[in-house]
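Let's take a walk through this one together. Pull up the viewer, colour by chain, and follow along.

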Amino acid sequence: MTKAIFIFLASLLILIPILFHYGAIPITTQLIICAPFILFLGIPHGAIDNILYRKNHSVGNTVFITVYLIIIALNVALWYLAPVLAYCMFLTISAYHFGQSQFSHYLSKQAFISKMIYLFWGLTILSGLLFFNTNEILEINNEQPQFAEINTLFSEDFIGLLFLISIISTLGLLIFSKVTNVISLENLLMELLVLGLILTSFYLLPLLIGFTLYFIVLHSYKVISEEFRFLKSEGTVKSTLAFVYLVAPLTLLSFFGIAFLFALIYLNILAMSYGFCLLIVISSITLPHVFVMHQFYDLLFSKKFYQMEK
Amino acid sequence: MILNDILTIPKDDAVAFTFFTGYMAMLAASIFFFFERSRVDDKWKLSLLVSGLITFIAAVHYYYMRDYYVATGDNPTVLRYIDWTLTVPLMCVEFYLLTKAAGAKVDLLWKLILASVLMLVAGYIGEAFVPLNADGSPSDGATSHSVMWGVISTIGYIYILYTAWFGEVAQLAKNSESEVVKTGVRILAWFVLVGWAIYPIGYMCMPGGWLNTAFGWGSQNVDLFYNIADAINKIGFGLVVYNIAISSSKKAA
């Protein structure tokens with residue numbers, strides 16, 4: 001069990017009875033509860049992409065940021081031209097990224113079978129989130145005109161089928177990985193337990209709280225901890241404080257960027273709902289981040305980072 | 001006549017069934033551990049004695065609990081918690097004995113016992129003193145009571161879970177030279193993670209409990225889950241210790 005899994009489990013055991021006792025929580029309240037965690041842990045885990053990428057590639061910071069911004073701009077354009085396609089791409093890429101960070105420490109290379117596990121594991125949890133909260137998501141989407149086109153995707157049958165195919169594929173791939181000795185029996189059992197806990201939390205907890213618990217504890221905390229340990233092993237940072245200084249500039253820039261966009265909406269300069277704007281922003285920063293993280297894990301495997309830590 | 005009065009078990013009563021099988025399984029396990037004690041090295045004899053005591057104490061309580069349940073149809077909550085008050089700290093003693101050779105100090109034992117006492121006392125208050133109406137249905141405040149004491153009890157569980165997976169017990173096992181101890185402690189940690197987690201499911205089935213109010217799971221499920229969990233944890237825990245003792249003794253021979 002990793003510390004992230006332990007924190008997730010402990011949080012779940014405490015939160016489920018308490019939140020159930022309080023009953024239904026409005027989405028705005030959920031957002032207020034979750035926002036600080038997403039802002040202070042979620043955003044920072046992607047705020048040193050430039051440093052991580054340049055560890056293994058001889059690219060200048062200016063070139064890196066320029067390419068990063070071009071990818072973001074292209075993604076924003078795609079959201080305007082084909083929102084359903086952009087949304088599907090965002091979910092698929094996020095699914096792959098979530099799976100990659102979940103399984104990175106078990107593996108020594110990103111073989112084809114590993115990539116399949118990343119994708120299907122991620123699809124399982126994202127389709128599970130949608131499947132167990134379809135009504136809540138539709139309700140939110142119906143309040144925002146820009147989501148109307150995306151709503152066409154939210155047929156319960158389609159999401160249910162996707163969830164079923166994903167979970168069967170994930171279980172099959174995990175068992176295959178055990179049979180071929182890619183992962184141990186203990187790791188297989190732990191991953192089955194974690195998957196069960198994540199899906200239980202999506203089923204039992206309010207939509208945003210359930211997702212934030214997964215996103216912050218099992219994803220962002222794990223990734224940021226790996227980034228810190230790697231940079232420490234490389235001598236780039238020597239303490240937690242130094243790491244905080246490292247992630248601070250782009251984290252703050254992201255805060256200001258989001259605040260600026262929200263201000264434009266508030267002043268009626270940008271005709272868009274806050275939710276839709278946030279979705280585009282998140283998907284736009286996710287796209288290049290996933291690419292950088294893929295390179296980062298390649299670097300960790302080539303340096304035998306996890307084996308060295310044992 | 002007396003036997004007929006006492007031992008009539010309804011055919012569809014899974015709870016009564018698990019009380020009777022639980023009792024026999026605990027007794028059989030105790031006899032097994034006591035007899036096998038002579039086959040292991042001296043350093044493991046105390047561990048096996050404790051394993052035998054855990055299942056024997058449980059067997060005695062199950063003897064009373066099954067009769068109480070069959071006679072009244074009620075949850076034998078007090079007897080249950082008397083049993084746990086004795087056996088759960090003994091499980092903590094098992095962790096201590098296993099890691100003692102790797103340098104575990106008595107402090108560790110006391111910390112684990114304190115956490116288990118917190119877990120049990122809070123669980124007992126949550127379960128035995130839940131406010132009920134005259135007809136046994138949960139009254140106002142039953143859910144708050146159940147949730148509050150359940151959460152306090154969970155803190156004790158989380159501490160033991162942390163100790164077994166990351167804290168002193170895990171570190172001592174990691175530093176131990178014996179692979180058998182390392183594997184054994186890891187398996188016991190799994191018992192704490194999965195086996196002990198069955199108890200809260202039972203707790204949440206009581207009147208006013210979360211599973212009771214949300215999904216309508218009846219209070220008879222409290223004992224069903226507790227009996228299953230007891231069988232897995234007490235006998236399983238003992239068998240893991242037995243396996244460590246016998247493997248270690250064979251290696252030494």
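**Two helical chains, one predicted complex**

Starting from the N terminus, the elements of chain A run α-α-α-α-α-α-α-α-α-α-α-α-α. That makes 13 helices and zero strands. Its radius of gyration is 19 Å, close to the 19 Å that the globule rule gives for 310 residues, so chain A is as compact as a globular protein of that length. If you want a feel for the outline, the C-alpha atoms of chain A fill a box of roughly 50 × 45 × 35 Å along the principal axes. Buried residues account for 35% of the 310 residues in chain A. As for how the chain folds back on itself, take the contacts between residues at least 6 apart in sequence: in chain A, 76% of them join residues at least 24 apart.

Before going further, keep in mind that this is a predicted model. For the complex, the predictor gives an ipTM of 0.81 and a pTM of 0.83. Chain B has a mean pLDDT of 85, with 96% of its residues at 70 or more. Which elements of chain B sit at the two ends of the confidence range? Helix α1 (residues 2–7) of chain B has the lowest mean pLDDT, 55, while helix α2 (residues 14–36) of chain B has the highest, 91. Where pLDDT is low, the predicted coordinates should not be read in detail.

Back to chain A, for a look at two of its helices. Helix α5 (residues 83–103) of chain A has 21 residues, which should span 30 Å at 1.5 Å a residue; its end C-alpha atoms are 30 Å apart, so the two agree. The buried residues of α5(A) include A:A86, A:F90, A:S94 and A:A95, as well as A:Y96, A:H97 and A:F98. What do those buried residues pack against? Their partners are α4 (61–81), α6, α10 (207–233) and α12 (274–302) of chain A.

One of those partners, α6 (residues 112–132) of chain A, passes the length check too: 21 residues should span 30 Å at 1.5 Å a residue, and its end C-alpha atoms are 30 Å apart, which agrees. Is α6(A) mostly covered or mostly open? Mostly covered, with 17 of its 21 residues buried.

Now swing over to chain B. Here there are eleven helices and zero strands, so the pattern along the sequence reads α-α-α-α-α-α-α-α-α-α-α. A compact globule of 253 residues would have a radius of gyration near 18 Å; chain B has 19 Å, which agrees. Its C-alpha atoms fill a box of roughly 60 × 45 × 25 Å along the principal axes. Buried residues make up 45% of the 253 residues in chain B. Among its contacts between residues at least 6 apart in sequence, 72% join residues at least 24 apart.

Helix α3 (residues 42–72) of chain B is a nice one to trace by eye. Its 31 residues reach 45 Å from the first C-alpha to the last, close to the 45 Å expected at 1.5 Å a residue. After α3(B) comes B:G73, whose phi is positive, near 75°.

Further along, B:V222 lies in helix α11 (residues 220–252) of chain B. Why does B:V222 count as buried? Because 26 other C-beta atoms lie within 10 Å of B:V222, and the cut-off for buried is 20 or more. Leaving aside neighbours within four places in sequence, B:V222 is in contact with B:N75, B:G202, B:C205 and B:M206. Of these, B:G202 is 20 residues from B:V222 in sequence, yet the two are 4.1 Å apart in space, C-alpha to C-alpha.

So where do the chains meet? The contact takes ten residues from chain A and twelve residues from chain B. On the side of chain A that touches chain B, the residues divide into eight nonpolar, one polar and one charged.

Last stop, the nonpolar cores. In soluble globular proteins, nonpolar side chains tend to be buried together. In this model the largest nonpolar core has 131 residues, and those with the most contacts inside it are A:Y214, A:V217, B:M26, B:F95, B:A164 and B:L188. α10(A) gives the most to this core, with 14 residues. Apart from it lies another core, of five residues, among them A:A86, A:F90, A:L279 and A:I280. Two of those names should ring a bell: A:A86 and A:F90 are among the buried residues of α5(A).

Key:
Residues are numbered from 1 along each chain as its sequence is written. Chains are lettered from A and ligands numbered from 1 in the order in which they are written. This is a predicted model: local features need pLDDT of at least 70, side-chain atom pairs count only at pLDDT 80 or more; totals for chains, interfaces and linings use all residues. pLDDT is the predictor's confidence in each residue, from 0 to 100. Helices (H or I, at least four residues) and strands (E, at least two) are DSSP runs, numbered from the N terminus. Two residues are in contact if their C-beta atoms, placed from the backbone, lie within 7 Å. Ala, Val, Leu, Ile, Met, Phe, Trp, Tyr, Cys and Pro count as nonpolar, Asp, Glu, Lys and Arg as charged, and the others, Gly among them, as polar. The expected span of a helix is 1.5 Å times one less than its number of residues. A residue is buried if 20 or more other C-beta atoms lie within 10 Å of its own, exposed if 12 or fewer, and partly exposed in between; C-beta atoms are placed from the backbone. The radius of gyration is taken over C-alpha atoms; the globule rule is 2.2 Å times the number of residues to the power 0.38. A nonpolar core is a set of buried Ala, Val, Leu, Ile, Met, Phe, Trp, Tyr and Cys residues joined through C-beta atoms within 7 Å.
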